[in-house]
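Colleague: I am new to this one. Please show it to me, and tell me how each label is earned.

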Amino acid sequence: MLNHLPNLKQFLSEYYFMEIIHLSAECYPVAKVGGLGDVVGALPKYQNKLGHVAKVVMPAYNSKFLYENEFETVYDGWVKVASTNYQARILREKTNKLGFDIFLVHIAGLFDREGVYGYSDDTERFIAFQIAALDWIAQWEHRPDVVHVHDHHTGLIPFMLGNCNQYRHLSQIPTVLTIHNAQYQGQFGWDKLHYFPPFDLINTNKLDWDNAINPLASAIKCAWRVTTVSPSYLEEISHVANGLEGLLSQERGKSIGVLNGIDTEVWNPQKDKMIVKGFNARTIESGKKANKEELCRVFNLDSTKPLFTFIGRLVGEKGADLLPDIFYNALAQSDGEINILVLGSGDSHVEDRLNEITHHYAGRYNAYIGYNEALSHQIYAGADFLLMPSRVEPCGLNQMYALRYGTIPIVRRIGGLKDTVIDIGDGGFGICHDQTSVWDVGHAIGRAYELYLDQDKVKEIRRYMMSIDHSWDNSAQQYIDIYQM
Ligand code: ADP
Ligand code: GLC
């Protein structure tokens, strides 16, 4: 397989500083639904710190960022999807305030809405976005060194670059796909084949998976390199990948697992403006106490008792459907000795059940159903334990934020959680369990409670966790090496 791959090194060896174009549906702080936004908001900044020129191209949603910053128009054109012509304009934020150039693709009628995903015309929206971005790049007088796409929303780009007539002159630009989550693939029917710019129909097989057009599968086939966001996830997706297992095994030769980093400037407990008291490894005890007291005051909890928390999307992948039963059991069994606080949104049935617990255990349990960036920082800073009973976790950033804020992670041994959390029983700092089950998580909470009673041990663990370096410095360089392979 490898013998047939274009040799990236040959193309890139003459460059030292590379121009890298990231294309993504999310990028913090412009638009974030989950960890994809965090990664695309940080990786380019760290690549630039290494001396490269990394840029981000994403849709222009109706976001605060769009209204609160100044932009210049770098491209004005039209994009045709099916029989509709949409006006497309690309805006560059003028000051480089994010540490990289950010380009927002404004497509009237498709992206002038608040939400990122979840619309019935998402296929049309993201195809239009990808075509507009490539039409713009096709006009440049030079070619970027790498086009790096993230997840299925930008997964048709490697195919389009390699096969569509109008981008033929760009076909030698190396492409890298990062799979943040293989559960979501963006499939749609063959009746939408005419959405694509013209290409030789002999190549339609590069779009196909399971009798549908599958953007993630197409990217896995067409990208020059494929990465996953942790090494363990790369191992796992050959066995469990929502139908793509065979393809991923087949393309394993060009695939590499690179553990995500975290943006240690945004997530810095010493300087974090969203928390009531900043702290570092030396001042963790007083810092944790102040932040916990404030959090417990706001949510009517008891700051003298251990505080267990969950932050995240309330979906099956995260094991969120089991949380209500896990919490009812833990609260009943602990006899008033623990607190629980949840921050999340998603499945409405799970949301309702999580809200319901408040009526039975007021003063010991609370839930904030919704998305709240500042509150997430306050919880990482004020909690004692963070639960992540994920069924699937390609990397997971929450556990790394928890470590940085001295909060002990309780995680299922899966994907990136396995790569970043070592159990206290193995000389580590976290609590790990093997299954996403009410029993396993309940048992883990019991172990955490025991640990909490040994405050000297807790203090030692907190200091140790805060010294672990999960900054992007290492992984940003790994991506550069991959571009040059
Ligand atoms: P995923 O991307 O699968 O949702 P990650 O662990 O990679 O999981 O990243 C989740 C990111 O989203 C973290 O930054 C986390 O703090 C944030 N987050 C998730 N849910 C919420 C919420 N309800 N409010 C604020 N932040 C949230
Ligand atoms: C996805 C994954 C998550 C990962 C994030 C960033 O949303 O579900 O595990 O941390 O992408 O790569």
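Modeller: What follows is a set of short questions and answers on the two ligands, the domains and a few backbone details.

Colleague: What makes a feature fit to report here?
Modeller: This is a predicted model, where local features need pLDDT of at least 70, side-chain atom pairs count only at pLDDT 80 or more, and totals for chains, interfaces and linings use all residues. Residues are numbered from 1 along each chain as its sequence is written, chains are lettered from A and ligands numbered from 1 in the order in which they are written, and side-chain values use heavy atoms, with hydrogens and water left out.

Colleague: How do you know which two domains the chain has?
Modeller: The domain assignment gives domain 1 (2-263 + 473-483) and domain 2 (284-469). Such bounds come from an automatic or database domain assignment. The domain centres, taken over C-alpha atoms, are separated by 33 Å.

Colleague: What makes domain 1 and domain 2 count as being in contact?
Modeller: Contact means heavy atoms within 4.5 Å. By that rule, 20 residues of domain 1 are in contact with 17 residues of domain 2.

Colleague: Why is ligand 1 said to lie between the domains?
Modeller: Domain 1 and domain 2 both give residues to its shell, so ligand 1 lies between them. A residue is near a molecule if one of its heavy atoms lies within 4 Å of it. For ligand 1, 20 residues surround it, and the closest are Lys32, Gly35, Asp38, Arg313 and Lys318.

Colleague: Which elements supply at least two residues each to the shell around ligand 1?
Modeller: They are α2, β12 (307-314), β13 (339-346), α12 (373-382) and α13 (398-404). Helices (H or I, at least four residues) and strands (E, at least two) are DSSP runs, numbered from the N terminus.

Colleague: What makes the pair of ligand 1 and Asp38 a polar contact?
Modeller: A polar contact is a pair of N or O atoms within 3.5 Å; within protein, one must be able to donate a hydrogen and the other to accept it, and residues adjacent in sequence count only if both atoms are side-chain atoms. An oxygen atom of ligand 1 is 2.6 Å from an N or O atom in the Asp38 side chain, so the pair meets the distance rule. Backbone atoms take part too. An N or O atom of the Gly370 backbone lies 2.8 Å from a nitrogen atom of ligand 1. For Leu397, a backbone N or O atom is 2.8 Å from an oxygen atom of ligand 1. The protein covers 93% of the 570 Å² of accessible area that ligand 1 has on its own. Accessible areas come from the Shrake-Rupley method with a 1.4 Å probe; for residues, only the protein chains shown count as cover.

Colleague: Why is Lys32 called a binding site?
Modeller: The name comes from UniProt, where the annotation "binding site" (unreviewed entry) covers Lys32. UniProt positions are in the numbering used here, feature names are shortened, and annotations may be inferred rather than shown by experiment. In the model, Lys32 is among the closest residues to ligand 1. Lys32 lies in the loop between β1 (19-23) and α2 (35-49). Its side chain makes a polar contact of 2.9 Å with that of Asp38.

Colleague: How many residues surround ligand 2, and which are closest?
Modeller: Ligand 2 has 13 residues around it; the closest are His180, Asn260, Glu393, Cys395 and Gly396. The largest share of the shell, three residues, comes from α2. Domain 1 and domain 2 each give at least three residues to the shell around ligand 2. A backbone N or O atom of Cys395 lies 3.0 Å from an oxygen atom of ligand 2. The protein covers 93% of the 310 Å² of accessible area that ligand 2 has on its own.

Colleague: What makes Pro29 and Asn242 worth pointing out?
Modeller: Most residues other than glycine have a negative phi, and most peptide bonds are trans. A cis peptide bond joins Tyr28 and Pro29, with omega about 5°. Pro29 is in the loop between β1 and α2. Asn242 is not a glycine, yet it has a positive phi of about 50°. Asn242 sits in the loop between α7 (231-237) and α8 (245-250).
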